[in-house]
Amino acid sequence: AGGSQTCYDGQYFFDTDHPKNPQDASAGTQGNLYTTTALSATNYNTVRSTMRALVGEDGKTMRITPNLLVVPPALEKTAREIVVAQTVPNSGGTASQTNVQAGTADILVIDDLAASAGGSDTTWYLLDSTKPIKPFLFQLRRSPMLQFFDRPTDANVFEKKKFRFGVDGRGRAGYGLWYLAAKCTA
């Protein structure tokens, strides 16, 4: 829901117009939402370069280091060709050349991002997870505890002859720093 829920600066987490300086509107805006940007070597490089060029309130670079390419299963092959393959075809497709983007990011494939799971097979994300504060946060309030209802004296076992198992825990997720994540849609 990063395109419909706001983060600390009042903008949607994924947006095209985050203020460079919330105290000075004349400083301009910068974004982390890229539309019509299918996953390709060229688009990956463009988004990565743009993220590395983001500036803070003082106008200086924020030293963003995108290091995690997050994709649905449908884009795994393309992602591997971009950041894992050591060689790629040259522009004419007649020979191989060194892939200068190899090793610039790790790949995380998330099944729940697939269209069949309610996501999109063409949306991809680039994150900087090298900082102490991450683009997405999780606060664990109470560690998950596995519960067993398998004793003969448990009501469900006695009455229905069925064992039950569950997990009980508490936590909360939220948005961290918007500039550490980019969302790209085809």
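The following legends describe close-up views of a predicted model.

Local features are described only where pLDDT is at least 70 and side-chain atom pairs only at pLDDT 80 or more, whereas totals for chains, interfaces and linings use all residues. Residues are numbered from 1 along each chain as its sequence is written, and side-chain values use heavy atoms, with hydrogens and water left out.

**View 1. Asp9 is a buried acidic residue without a salt bridge.** Asp9 lies in the segment before strand E1 (18-19); helices (H or I, at least four residues) and strands (E, at least two) are DSSP runs, numbered from the N terminus. Buried means under 20% relative accessible area, exposed over 50%, and partly exposed in between (1.4 Å probe, protein chains only). A salt bridge requires a side-chain nitrogen of Lys or Arg within 4 Å of a carboxyl oxygen of Asp or Glu. For charge, Lys and Arg count as positive and Asp and Glu as negative, while His and the chain ends are not counted. The nearest side chain of opposite charge to Asp9 is that of Lys20, 13 Å away. Polar contacts are pairs of N or O atoms within 3.5 Å; within protein, one atom must be able to donate a hydrogen and the other to accept it, and residues adjacent in sequence count only if both atoms are side-chain atoms. The side chains of Asp9 and His18 form such a contact at 2.6 Å. The Asp9 side chain also reaches the backbone nitrogen of Gln11 at 3.0 Å. Contact in general means heavy atoms within 4.5 Å; apart from residues up to four places away in sequence, Asp9 touches His18, Pro19 and Trp178.

**View 2. Gln30 reaches the backbone of Val55.** Gln30 belongs to strand E2 (residues 29-30) and is buried, because its relative accessible area is 9%. Its side chain lies 2.7 Å from the backbone oxygen of Val55. Beyond its neighbours within four places in sequence, Gln30 has contacts that include His18, Lys20, Met62 and Trp178.

**View 3. Cys7 and Cys184 are not joined by a disulfide.** A disulfide is a pair of cysteine sulfur atoms within 2.5 Å. The sulfur of Cys7 has its closest cysteine sulfur in Cys184, at 17 Å, and therefore cannot form this bond. By this rule, the count is 0 disulfides. Cys7 is buried at 11% relative accessibility, and Cys184 is buried at 0%.

**View 4. The largest nonpolar core has 30 residues.** A nonpolar core is a set of buried Ala, Val, Leu, Ile, Met, Phe, Trp, Tyr and Cys residues joined through side-chain atoms within 4.5 Å. The residues with the most contacts inside this core are Leu39, Tyr44, Val47, Leu69 and Trp124. At least two core residues come from each of helix H1 (41-52), strand E4 (68-71), helix H2 (76-83), strand E8 (124-127) and strand E11 (181-184). In soluble globular proteins, nonpolar side chains tend to be buried together.

**View 5. Gly171 lies in strand E10 (residues 164-175).** Gly171 is partly exposed, with a relative accessible area of 39%. Its C-alpha is 8.2 Å from that of Ser143, although the two residues are 28 residues apart in sequence. Not counting residues up to four places away in sequence, Gly171 touches Phe138, Gln139, Leu140 and Arg141.

**View 6. Arg63 has a positive phi value in a residue other than glycine.** Phi of Arg63 is near 55°. This residue is in the loop between H1 and E4, and Arg63 is exposed at 67% relative accessibility.
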